[in-house]
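Visitor: I should like a close look at a single part of this structure, namely one strand, its partners and what lies around it. Please set it in the context of the whole chain.

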Amino acid sequence: MHDKLNRARFALLGVLSLAATAVVSEARADPWDDTVKAAIAEGEVDVHGGPGEVFHHILTDGFRQAFPQIKVNFSGLSGRDAIPKIVRERAAGVYTVDVYVGGSSSTLQSLKPINAFAPIEPALMLPEVLDDKAWYGGRDGGWVDRDKKFIFGFEATVTETTAVNRDFVSRDVLSSYDDLQSPKVAGKIVFDDPRLPGPGLGAAQRYLLNFGEDWLKRLYSQQKIVYIANPHQEAEWLVSGKYPIAIGASSDEIERFQQLGLGKNVVSFEAPMPRPTLDFAYGSVSLMANAPHPNAAKVYINWLLSKAGQKDWGKIGGNSRRVDIPYAVPRLAPQKGVTYIAEQTEENLANRQEAGNLAKQYIPAGP
């Protein structure tokens, strides 16, 4: 009898010991470590980012140093060039992108409606990424889409719209936005084409929000503006003085010329907007549905939103929404007590579309 009782006790102790071991093992398991191991096994991650060498380096170099076992396949294109390709591929059941980093308006219009995104919240794992206090406006303030699931904006830069070459246009001629309507600057403006997705359309949206429909119509139709969709050409004309005022020009392209000693007096137009806006620019991220490398995509997104990734992002010339790192461009940082319009959210998409529709209607037909 005693032997049977002892055997039963030992069996119970064995079961309890196994259960305790399982609990300890489960407690020791680290989902982040497991995800990194799985990402290394996948071996690569396909990332879409903004156009130009600066985006290429900033969105790849730091990640490669942090995770050298994971190859980054980077494609740097503007949304207006990249998105039609992604749409065609997905219609054919082809999935070539894991992570989309870029402007949000074109993704809201073209990729979200075809269910191209997976919810990003489950992919956020690092404590420093999940920390609500680390983000301007809280982490919840970064959502671009109404669902607060698919597109997370990590930049918060007070928006600049217009650049001017002061070697050719004095402050007596251009000191307010209404001066853009003056005959003195007619024929001197290049505008990144607002009939297409991109920074020119964002600039037009800001003008519409601040100065109204009639103001924007006059600008489109009366100022003999040159409309193109070539960021390098826009910057070259601005720097050379051929068109010494540029709307929606690429700061990256302008900086390239200035690094060569050209266009030193090209500056952002100094007049403040009556209703200031915050711009995500190319600073929003999405996790693609049917990502070919889902674990590597999670690792990449967490790195991008970490302190290290966002410090790298500041080299673009924009401010991260993270408040635990210094602002890259303090003069364009959001100020306490100021209410900003988050121009690229889904709620403001209608304004952007209206600015584009007005452009198509009122920009004179070319020769």
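Guide: What follows begins with the protein as a whole and then turns to strand S13 and its surroundings. The model is a predicted one.

The protein contains 14 helices and 14 strands. Along the principal axes, its C-alpha atoms fill a box of roughly 110 × 45 × 40 Å. Of the 367 residues, 50% are buried. Among contacts with a separation of 6 or more, 79% join residues 24 or more positions apart. The accessible surface amounts to about 17400 Å², and carbon and sulfur atoms contribute 54% of that area. The side chains include 40 positive and 43 negative ones, and the centres of these two sets are 2 Å apart.

The strand to examine is S13, which covers residues 284-288. Is S13 enclosed or open to its surroundings? Since 5 of its 5 residues are buried, S13 is largely enclosed by the rest of the structure. The cover extends to both faces: Ser284, Ser286 and Met288 are buried on one side, and Val285 and Leu287 are buried on the other.

Several strands pair with S13. Strand S3 (residues 99-102) runs antiparallel to S13 and is joined to it by 4 bridges; here Tyr100 stands opposite Ser286. Strand S4 (117-118) is also antiparallel to S13, with 2 bridges between them, and Phe117 has Met288 as its bridge partner. Strand S5 (residues 152-153) pairs with S13 in the antiparallel sense as well, over 2 bridges. In that pairing, Phe152 is matched with Val285. In general, the strands of a sheet pair through backbone hydrogen bonds, in either a parallel or an antiparallel manner.

Two loops beside these strands hold an asparagine with a positive phi. Asn290 lies in the loop between S13 and helix H12 (294-305), and its phi is about 55° although the residue is not a glycine. Asn115 occupies the loop between helix H6 (105-110) and S4; its phi is likewise positive, at about 55°. With a relative accessibility of 62%, Asn115 counts as exposed.

The chain after S5 leads to an aromatic contact, one of 18 aromatic pairs counted in the model. Phe154 and Trp313 meet edge-to-face, with 5.0 Å from centre to centre and 85° between the planes. Phe154 belongs to the loop between S5 and S6, whereas Trp313 belongs to helix H13 (residues 307-313), so the pair ties together parts that are 159 residues apart in sequence. Phe154 is buried at 0% relative accessibility, and Trp313 is buried too, with a relative accessible area of 1%.

Beyond that loop, strand S6 (157-158) is an edge strand of another arrangement, as is strand S14 (341-342), each pairing on one side only. This is an open sheet of 3 strands in the order S6-S12-S14, with mixed pairing. S6 and strand S12 (residues 277-279) are antiparallel over 2 bridges, and Thr157 stands opposite Asp279 in S12.

To sum up the requested part, S13 is a strand whose residues are buried on both faces, with antiparallel bridges to S3, S4 and S5.

Conventions:
Residues numbered from 1 in each chain as written. Predicted model: local features only at pLDDT ≥ 70, side-chain atom pairs only at ≥ 80, totals over all residues. Heavy atoms only, no water. Buried < 20%, exposed > 50% of the residue type's maximum accessible area, 1.4 Å probe, protein only. Contact = heavy atoms within 4.5 Å. Areas by Shrake-Rupley, 256 points an atom, 1.4 Å probe, with all protein chains shown as cover. Lys, Arg positive; Asp, Glu negative; His and termini not counted. Charge placed at Lys NZ, Arg CZ, Asp CG, Glu CD. Pairing = 2+ DSSP bridges. Phe/Tyr/Trp six-rings, centres within 6.5 Å; stacked < 30°, edge-to-face > 60°.
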